[in-house]
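Biologist: I'd love a close look at one part of this model: how its strands are paired up, and what sits around them. Please take me through it slowly, strand by strand.

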Amino acid sequence: MSVSTSVDLKLDPASAFDTMVEELTTALLRLGMRIEAGVAGRVLQGEAEVGRVVRWQPPAGVSIEWHGAEWEPAKVSSMELRFEPFAGGTRVTLENPAWGNVLGDEAQELAGWFASEAAAALLAAMAPGRFGDWFTDRKARRPSGRQSRDAYRDPIYHRPNFKVILAALNLQPHDYLVEVGCGGGAFLHDALKTGCRAAAIDHSSEMVKVASQANCEAIAQNRLEIREGDAGLLPFASGVFTCAVMTGVFAFIANPLRALSEIRRVLATGGRLALFTCSDAMRGTPAAPEPVASRLHYYQEHELEDLAHEAGFAEAHVERPDFEPIAREVGIPEEHLELFKRSAGGQLLLARK
Ligand SMILES: C[S@@+](CC[C@H](N)C(=O)[O-])C[C@H]1O[C@@H](n2cnc3c(N)ncnc32)[C@H](O)[C@@H]1O
């Protein structure tokens, strides 16, 4: 008895093959599994080899053969990932043609396995709330995938914020900057032009890679280190940085007091923080579209200031700069300039330890 699932993609087979192999590899790694590309490549679960690649034929497909379970070594089965062209696209099918045999052809058990291990997971993934969470993570909260990597490599719509922050901090060569949630490292690239040193974290491994590639020269010169890490537990010693930046990140943070306290901890006395976030005036606009918008935390100005004081900053105030002229300067299309007007909701928290 076969078990299969499929998706139709508007991609030619070669692109569908490359994309699916890349996405599957990343997704499997999260589950502790790895498939080595090429014929005879191992399929690993943790350290244990659980199968072998028996066909690797881009763009037609890949076949793997599972090893038998240790309690039933003779019952092997295989799995096929097929890429079949149709007008305008490619159907990608993942199929195990003999999974029923592994279950001994017990129809009710096969139904139970399929319902609990495959169908329920697919149904739950498609429920609006869960899909909204996936979409928010994929695009902004923990970006992944080719589109996000390209977008954060050159986030043109964030460049006005970068300029405003750089003007507020007026970085000098003696400064040591920390950026929390650096995304693709575009802000770091601009900041390092001042001659300062910097360190940064992001909890998306893909963003850490993009940011590291974008700033490879500064890393090679030991002027920059970028690590995977969480805003709630910065992997840096206390009191070492002169400046800190967080832009487009704070609204995703579940425990804002902890994040601000961590930033304060790693700053030296007198160290300055510039934090850009969006108020709920941006909710539902192209700057904060659904389903991301309803997953963001918005603050009143006084709430941001209170949080900074509670985290131990000696001074804190919020500004509402006029981003529009800078947006014009960096080449934001005319029809989107509206998003950057003073009233549009960008908040700049400036604080000092
Ligand atoms: C909308 S992107 C902004 C990226 C960059 N600062 C910019 O303006 O282009 C938000 C970034 O914050 C990161 N992030 C969100 N929550 C985080 C957390 N708790 N710890 C570390 N990074 C986080 C995400 O992975 C993502 O790269």
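Modeller: With pleasure! Two strands pair here if DSSP finds at least two bridges between them. Please keep in mind that this is a predicted model.

By that rule, seven strands make an open sheet in the order β1-β7-β6-β5-β4-β3-β2, with antiparallel pairing. β1 (3-9) and β2 (33-35) are its edges; each has a single partner strand, so one side of each is left without a neighbour in the sheet. From one strand to the next, the twist averages 15 degrees.

Let's start at the β1 edge and move inward. Strand β7 (residues 89-96) runs antiparallel to β1, and seven bridges join the two. Among the facing residues, threonine 5 is opposite leucine 94 in β7. β7 also pairs with β6, again in the antiparallel sense and over seven bridges. Between these two strands, arginine 82 has threonine 93 of β7 as its bridge partner. The β6 and β7 hairpin has two residues between the strands, and in it glycine 88 takes a positive phi near 85 degrees.

One step further along, β5 and β6 pair in the antiparallel sense over six bridges. Here arginine 82 comes up again: in β6, this residue is the bridge partner of glycine 61. Following arginine 82 is a handy way to cross the sheet by eye, with glycine 61 as one partner and threonine 93 as another.

What packs on this sheet? Helix α1 (residues 13-30) does, touching β1, β2, β6 (77-86) and β7. Its direction makes about 150 degrees with that of β2.

Two of the loops deserve a stop on the way. Proline 59 lies in the loop between β4 (48-57) and β5 (61-66), and the peptide bond leading to this residue from proline 58 is cis, with omega near 0 degrees. Alanine 40, for its part, is in the loop between β2 and β3 (42-45). Although alanine 40 is not a glycine, its phi is positive, at about 80 degrees.

For context, it helps to set another sheet beside this one. Seven strands form an open sheet in the order β10-β9-β8-β11-β12-β14-β13, and the pairing is mixed. Its edge strands are β10 (224-228) and β13 (315-319), each pairing on one side only. Direction ignored, neighbouring strands of this sheet are turned by 15 degrees against each other on average. At the β13 edge, β13 and strand β14 (residues 346-352) pair in the antiparallel sense over five bridges, with alanine 316 opposite alanine 351 in β14.

Helices pack on this sheet too. Helix α6 (residues 159-169) lies across β11 (241-247), β12 and β14, at about 155 degrees to β12. α8 touches β9 and β10, and the direction of α8 makes about 165 degrees with that of β10.

α8 also takes us on to a helix pair. The axes of helix α5 (residues 146-153) and helix α8 (residues 205-214) come within 10 Å and cross at roughly 40 degrees; α5 and α8 are therefore oblique to each other. Their crossing is right-handed. On the α5 side the contact is made by Arg149, Tyr152 and Arg153, and on the α8 side by Glu206, Met207, Val210 and Ala214. By class, that contact has four nonpolar, no polar and three charged residues.

Beyond β12 there is one more loop to visit. Proline 291 is found between β12 (267-278) and α11 (301-310), and the peptide bond from glutamate 290 to proline 291 is cis, with omega near 5 degrees. α11 in turn meets helix α10 (residues 256-266): the two axes come within 8 Å and cross at roughly 55 degrees, which makes α10 oblique to α11. This crossing, too, is right-handed. Pro256, Leu257 and Leu260 of α10 meet Leu307, Ala308 and Glu310 of α11, a contact of five nonpolar, no polar and one charged residue.

Last, have a look at the ligand. Of the 24 residues around the ligand, Gly181, Gly183, Ser204, Ala231 and Gly248 come nearest. The elements giving two or more residues to this shell are α4 (128-141), α7 (186-192) and β9 (197-202). By class, the shell has 13 nonpolar, seven polar and four charged residues.

Note on methods:
Residues numbered from 1 in each chain as written. Predicted model: local features only at pLDDT ≥ 70, side-chain atom pairs only at ≥ 80, totals over all residues. Axes fitted to C-alpha atoms, helices over the stretch in contact; angles between N-to-C directions. Helix = DSSP H or I, 4+ residues; strand = E, 2+ residues; numbered from the N terminus. Parallel < 35°, antiparallel > 145°, perpendicular 65-115°, else oblique. Left-handed = near helix turned anticlockwise from the far one by under 90°. Contact = placed C-beta atoms within 7 Å. Nonpolar A, V, L, I, M, F, W, Y, C, P; charged D, E, K, R; others polar. Near = placed C-beta within 6 Å.
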